[in-house]
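Reader: I would like a close look at a single part of this model, with the cut-offs behind each term spelled out.

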Amino acid sequence: MRVIGLISGTSMDGIDVAVADLSISGDVVELVPVQHAEHPFPKDLLEKPRDLAEVCAFDTSLGQAFGEVAAGYLPADLISSLGQTVHHEVQDGDCLGTLQLGQPAWIAERTGVPVVADLRVRDVAAGGQGAPLASTLDALWLAGDAPAVALNIGGIANITVVRPGSPPIAYDTGPGNALMDAVMEVISHGQRRQDTNGEFARRGHTREDILKKLLADPYYAKPWPKSTGKELFNAEYLRGFPTVPAEDMLRTLAELTARTIADACRAHDASVVVASGGGMRNPVLVEALTKALDPIPLKISDSLGLPRDGKEAYLAALLGFLTWHGIAGNTPSATGASGPRLLGSITPGNGPLRLPEPVTTTVTKLKVGEATCAD
């Protein structure tokens, strides 16, 4: 079946869309990438909502924007939306709630296609962190002979550790682009939301005194499963640090992201790190990460068939496909949930829902087929 996956990440730098042809045979799910793209995030929604009226307006407007994007990629049998995370509440290591907006009814109304959405909260209700759900794709995709780590660098960086004979482990390692984006927004007075191509960081120097203080944050020493977000790693977080040139701060923050990721990968004896996400567009961060990981090789997810910029949207498509077929979409050993759960809720399209018979075989592998051309 053809599935459209939608997501806007914590950086709010765009609406990512991916179209995949998905099928299942025995214990193998095959995902054939068709196309992926990034669409501009609505400028009037760049500020998170602050009161109930703004939450309602944001939920509606983003749902409409998602619906408009999805309509450009029809026909499809199913749409799956991970939405926009506007709050992720973690206290004392427990996730108490998570809120993703982008009302799926608007997507269904615009496209006439059934929509799977609100994919994180069932895992949270079962005692999990609701993240990183990428662990589901990663564990199936990288199943093999050697310990491998899948890395995604968005606003927050997360890893999935896949090793034969052991349940996968996944968690947020800490900030990905979030702190760098916050600095750029402050110094540009809201005109720039990211350090494109590491332009500013390239001119700076790592401040070891500041880096040492940053690395002392207790989050990094917490046991997994764990998750975090911009509720912690934001502009306010940096207010207690010495005032230094923006270029030096950005270079230091790139080093922070690289070192915390590398420390996590080394703790799990990774043989290879397969990376994706918007952070891989920043050459300064990629250079720092390559150096911090050495001699562990750093590969880009494109080399294994999933494009670095589209992987999260393909994840959304996969999760929706699993729910549609009655297959649990979380990985309890990664999220901390008390067991496997069907994820999300389904909003009907133009007609009545006609779900297939649930798949009873345990899925153990994801095969990424050769990309096809879009219709």
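Which are the buried residues of helix H2 (residues 104-111), and what do the buried residues of H2 pack against?

Author: This is a predicted model, in which local features need pLDDT of at least 70 and side-chain atom pairs count only at pLDDT 80 or more, while totals for chains, interfaces and linings use all residues. Residues are numbered from 1 along each chain as its sequence is written, and side-chain values use heavy atoms, with hydrogens and water left out.

Helices are DSSP runs of H or I with at least four residues, strands are runs of E with at least two, and both are numbered from the N terminus. In helix H2, the buried residues (under 20% relative accessible area, with a 1.4 Å probe and protein chains only) are Pro104, Ile107, Ala108 and Thr111. Because they cover an arc of only 95 degrees around the axis, they lie on the same side of H2; the arc is that of the directions from the helix axis to the C-beta atoms.

As for their partners, the buried residues of H2 pack, by contacts of heavy atoms within 4.5 Å, against helix H1 (52-71) and against four strands, S1 (2-8), S4 (78-91), S6 (115-117) and S12 (345-347).

Turning to the ends of the helix, the N-terminal end of H2 is capped by glutamine 103, which has a side-chain oxygen 3.1 Å from the backbone nitrogen of alanine 105. After H2 comes glycine 112, with a positive phi near 75 degrees.

Elsewhere in the model, cysteine 95 is buried, with a relative accessible area of 11%, whereas cysteine 56, at 51% relative accessibility, counts as exposed, a term that requires over 50%.

Key:
A polar contact is a pair of N or O atoms within 3.5 Å; within protein, one must be able to donate a hydrogen and the other to accept it, and residues adjacent in sequence count only if both atoms are side-chain atoms.
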